[in-house]
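Here's a walk through one chain and its ligand, from the sheet outwards. Have the structure open while you read.

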Amino acid sequence: MSKKDNFIQILNEGYTSKGGSIILGGAMLDGEAISNVHVKIPLKTLNRHGLIAGATGTGKTKTIQVLSEQLSSFGIPVLMMDIKGDFSGIAKEGEEKSFVTERHQKINIPYSTSSFPVELLTLSQQNGVRLRSTISEFGPVLFSRILDLNDTQSGVISVIFKYCDDHKMPLLDLKDIKKVINYITEEGKEEIEESYGKISASTTGTILRKIIELEQQGADLFFGETSFDINDLLRFDENGKGYVNIIRLTDIQDKPKLFSTFMLSLLAEIYQQMPEKGDADQPELVLFIDEAHLIFNEASKTLLDQIETIVKLIRSKGIGVFFITQNPMDIPSGVLAQLGLKIQHALRAFTANDRKAIKMTADNYPTSEFYKTDELITSLGIGEALVTALNEKGIPTPLVASMMRAPQSRMDILTEAEITEINSKSKLVRKYNEEIDRESAYEMLTKKIISDQEEITEAQVEKENKPEPSTAEVVTKSVLKVVTSATFIRGAFGILMKILKK
Ligand SMILES: Nc1ncnc2c1ncn2[C@@H]1O[C@H](COP(=O)(O)OP(=O)(O)OP(=O)(O)O)[C@@H](O)[C@H]1O
Ligand SMILES: [Mg+2]
């Protein structure tokens, strides 16, 4: 049998599967696409997560676009963290350019243009669906972790949450928690010490400083109501295509702490809200995290451990997480070990360090009798990649160089007018974009301080006159009226805490 026939046979055996599959592109041998041998990834295996790596301009973002389009067509919603803001074009039909049709002729996959249902989301004031979360929903554990607090400081945060629970005071935004911290060190000092023990002013001072640091990264926009319901990510259009939810994060690149906080809270929330799936035929949702080095670069060891744990656990909920980065070495080894699908675009060897990284990367792939992996990694063309997946039995499929198919949607960004149009039609924009600042810890404590002062004055008056109904009674009644699900939510986060401790 010739080398080529042998190659075709091994690939056909290695890449067959029973259920539905997405087609990434055509197999390549000796730099040429082999017509009709396609690289297929079973939908069933996409909750085993993945990595897309490669030097700048080698085709990573287009690969995400291709993957998202295929997933959407199968009715699988996608969530894309768009750090560079270059992903929005998926909402519009592409153009049949000659370089695209030539590529598709080589790999023998018919080409047609198409557009996909898109929802644009934002963490800041950009044009899009506002993503928010309340501090109560974060819970004391996660909130302490994002502030990088030590055990003593975390203890104080737990007391604050407990105090607010006991007094039915919702912690919605940073203004609330700052107010409580001020209160427990000043007016409420005695009350707190009596019920919860002594709290040092230097500890609360440190916590406040760290909250302000987070605030300066723009977190005040993120904390508050209306908090986002994860189920709103799982939508389909009238043709059954899964929604491609794009979180536009262009203004978060220089705010790594906010980004990793947001990522972890999102993963935790998805993990909590989604039912257990077991071994399903296809994933419920696939997440793509572009420029993933940003979450790992400045993350503390605890944060990294948590990301690793949650990535491990979230699989059983039918969620696939894909990390996209230039160099696979950017991903911590604990996370890397859990990524089943690997799509490696070209790497460039400029320095000795680059060459070392390439060697290590090549060694991490299954050995192949058809390729010299380290040499191939540096010589792949744009829109070509080395691929290995997991088959249905969880065994790595043979390494294959793939000429990726081209996106069916626009390979460029949307115009401002197009973005505005999408948002004006969005149900979610209407649902989430109204600013709400209902009565929460800040307002309640402000009232309490005033009423306490009034009580003192009244007590003095009482000596002279007959007693009147105190303002405190009135306030207590209104406090009870405030609906708070804080206790329930804390319960849920208690579960998360146990999981994270494992
Ligand atoms: N599958 C593909 N089909 C057709 N053209 C492609 C494909 N992949 C990449 N290209 C071409 O290469 C260009 C760069 O690709 P892309 O933006 O995906 O690179 P990248 O790796 O994401 O780069 P960066 O690291 O700068 O974000 C595209 O604009 C497109 O012209
Ligand atoms: Mg890119």
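Two strands pair if DSSP finds at least two bridges between them. Helices (H or I, at least four residues) and strands (E, at least two) are DSSP runs, numbered from the N terminus. This is a predicted model, where local features need pLDDT of at least 70, side-chain atom pairs count only at pLDDT 80 or more, and totals for chains, interfaces and linings use all residues. Residues are numbered from 1 along each chain as its sequence is written, with chains lettered from A and ligands numbered from 1 in the order in which they are written.

**The sheet**

Let's start with strand S3 (residues 50-53). Strand S9 (residues 319-325) runs parallel to S3, and 4 bridges join the two. Strand S10 (residues 341-344) also pairs with S3 in the parallel sense, over 4 bridges. Leu51 has a bridge partner in each: Phe323 in S9 and Lys342 in S10. Gly50, for its part, is matched with Leu341 of S10.

S3 is covered on both faces: Gly50 and Ile52 on one side, Leu51 and Ala53 on the other, are all buried. Here a residue is buried if 20 or more other C-beta atoms lie within 10 Å of its own, exposed if 12 or fewer, and partly exposed in between, with C-beta atoms placed from the backbone.

Zoom out and you get an open sheet of 12 strands with mixed pairing, in the order S2-S1-S12-S11-S10-S3-S9-S8-S4-S7-S5-S6. The edges belong to strand S2 (32-42) and strand S6 (129-130); each has a single partner strand, so one side of each is left without a neighbour in the sheet.

**Around the ligand**

What surrounds ligand 1? The shell has 16 residues, and Gly59, Lys60, Thr61, Lys62 and Gly383 are the closest; a residue counts as near if its C-beta atom, placed from the backbone, lies within 6 Å. Helix H2 (60-73) and helix H3 (98-107) are the elements that give two or more residues to this shell. H2 has the largest share, with 4 residues. By class, the shell has 6 nonpolar, 7 polar and 3 charged residues. For those classes, Ala, Val, Leu, Ile, Met, Phe, Trp, Tyr, Cys and Pro count as nonpolar, Asp, Glu, Lys and Arg as charged, and the others, Gly among them, as polar.

**Two domains and a shared core**

The domain assignment splits the chain into domain 1 (15-125 + 226-433) and domain 2 (135-221); such bounds come from an automatic or database domain assignment. Taken over C-alpha atoms, the two centres are 38 Å apart. Their contact takes 14 residues from domain 1 and 11 residues from domain 2, with two residues in contact if their C-beta atoms, placed from the backbone, lie within 7 Å. On the side of domain 1 that touches domain 2, H9 and helix H11 (301-314) are the elements that give two or more residues, and H9 supplies the largest share, 5 residues. That side has 4 nonpolar, 8 polar and 2 charged residues.

Now for the inside. In soluble globular proteins, nonpolar side chains tend to be buried together. The largest nonpolar core (buried Ala, Val, Leu, Ile, Met, Phe, Trp, Tyr and Cys residues joined through C-beta atoms within 7 Å) has 134 residues here, and Met80, Val180, Phe288 and Ile289 have the most contacts inside it. Helix H9 (residues 256-273) gives this core its largest share, 10 residues. Both domains give residues to this core, so it lies between them. Leaving out residues up to four places away in sequence, Met80 touches Phe288, and its other contacts include Ile64, Phe87, Val244 and Ile247.

**Backbone oddities**

Three residues with positive phi are worth a look:

| Residue | Phi | Where |
|---|---|---|
| Asn108 | near 55° | loop between H3 and strand S5 (118-122) |
| Glu291 | near 50° | loop between strand S8 (285-289) and helix H10 (293-297) |
| Gly197 | near 95° | follows H7 |

Asn108 or Glu291: which one is buried? Glu291 counts as buried, with 22 C-beta neighbours inside 10 Å, while Asn108 is partly exposed, with 13 other C-beta atoms within 10 Å. As for helix H7 (residues 189-196), 0 of its 8 residues are buried, so it lies largely in the open.

Finally, Glu225 and Thr226 are joined by a cis peptide bond, with omega about 0°. Thr226 sits in the loop between helix H8 (201-222) and strand S7 (244-248).
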